[in-house]
Amino acid sequence: NHTLLTDFVLSGLSSRPELQRLLFFTICLVYSMTLIGNLLICTVTVHPTLHTPMYFFLRVLSFLDISTASVVVPKMLVNLLAEDSSISYAGCVTQLYCVVFLAATEWYLLAAMAFDRFVAVCRPLRYAALMNTRVCLALVLLSCCSGNVVSVVQTAWVFTLSFCGRRRIDYFFCDIPPLVVLSCTDTSLYERQIVSATALVIFTPFCLILLSYACIVSSILKISSAESRHKTFSTCSSHLTVVTMYCASGTLIYLQPKSGNSQDAKKILALVYTTVIPTLNPLIYSLRNKEVKEVLIRVM
């Protein structure tokens, strides 16, 4: 029963053949928008007028969004048209590691961005000293190192499970929930562990973000100028919108890793998490930001 697996088969988004080409062109369009939008953000934020920590973090966020979509979407597009939708065992391990690493890093980066907004609003006179280049680089490096630790632990733990020759993954990429469902061994201990990891990776940064914004709102309400209050709220609301989308989709996917009844819903949430949100981020940050729009117009 414990045969050596050399590959897995990804079932994809839908088993209906008539939808494959429609899904292919739709996802291809969304992926193209993700690449164009985030590459524009990376290009625009290099402009001398946008050399601030907020835009530095935004540039890193865009790079992570491009990476997340590129780890998942190209293989999914190939599988939508190809008869063979298999992925090698090593490829599955690599894909899982990259997805978890990028997701965890992005969460910690969002917490760093909230801290940046807190310092900018609540400690404006010390902002340049507190958020210098060295501190910004350290926060990004810390986010990457934390994401790497989380990913190595989760990936190693998942692939210590026994799959007993079962190789068909009811998903469109290698992720923790479908692999846990595929396991033929008792996964209760791992399910408790993944809930703890979800709390560590999602809820801890989320609580820090909420705390930062509680202080920010308190400071904003003390601003006498209505125009200044609106500008500050507008800047912060973009970040909160992204955080809310990530928190909602990530929590629903990973809090119940072996709830097989909601597998189709998890596919949709995972598609939103890996494909749709990276497309929306440039729109959220650029369309709601006057400085980015002005520079984008000049660049175009």
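Which residue in β2 does Phe 8 stand opposite? The close-ups below, all taken from a predicted model, start with that spot and then move on to the salt bridges.

**Close-up 1. Phe 8 and its partner across the strands.** The answer is Ile 87: Phe 8 stands opposite this residue of β2. The strands β1 and β2 pair here in the antiparallel sense, and three bridges link them.

**Close-up 2. A three-stranded open sheet.** Step back a little and you can follow the strands in the order β2-β1-β3, forming an open sheet with mixed pairing. Residues 86-88 make up β2, which is an edge strand, and β3 is the other edge; each of them pairs on one side only.

**Close-up 3. A helix lying on the sheet.** Now bring in helix α3, which runs over residues 89-122 and packs on the sheet. Helix α3 touches β1, β2 and β3, and its direction makes about 85 degrees with that of β2.

**Close-up 4. Arg 167 meets Asp 7.** In all, the structure holds three salt bridges, and here is one of them: the side chains of Arg 167 and Asp 7 meet with N to O at 2.9 Å. Arg 167 sits in the loop between α5 (133-158) and β3 (168-169), while Asp 7 belongs to strand β1 (residues 7-10), so this pair ties together parts that are 160 residues apart in sequence. How accessible is Arg 167? With a relative accessibility of 34%, Arg 167 counts as partly exposed.

**Close-up 5. Asp 116 and Arg 117, a salt bridge between two buried residues.** Asp 116 forms a salt bridge with Arg 117, and their closest N and O atoms are 3.0 Å apart. Are these two buried or exposed? Asp 116 is buried, with just 1% relative accessible area. Arg 117 comes in at 12% relative accessibility, so this residue counts as buried too.

**Close-up 6. Asp 170 reaches Lys 267.** The salt bridge between Asp 170 and Lys 267 has its closest N and O atoms 2.9 Å apart. Why does this pair tie together parts that are 97 residues apart in sequence? Because Asp 170 lies in the loop between β3 and α6 (176-182), whereas Lys 267 lies in helix α9 (residues 263-287). The two ends also differ in how open they are: Asp 170 is partly exposed, with a relative accessible area of 36%, but Lys 267 counts as buried at 7% relative accessibility.

How values were computed
Residues are numbered from 1 along each chain as its sequence is written. This is a predicted model: local features need pLDDT of at least 70, side-chain atom pairs count only at pLDDT 80 or more; totals for chains, interfaces and linings use all residues. Side-chain values use heavy atoms; hydrogens and water are left out. A salt bridge is a side-chain nitrogen of Lys or Arg within 4 Å of a carboxyl oxygen of Asp or Glu. Helices (H or I, at least four residues) and strands (E, at least two) are DSSP runs, numbered from the N terminus. Buried means under 20% relative accessible area, exposed over 50%, partly exposed in between (1.4 Å probe, protein chains only). Two strands pair if DSSP finds at least two bridges between them. Contact means heavy atoms within 4.5 Å. Axes are lines fitted to C-alpha atoms, for helices over the stretch in contact, and angles run from 0 to 180 degrees between N-to-C directions.
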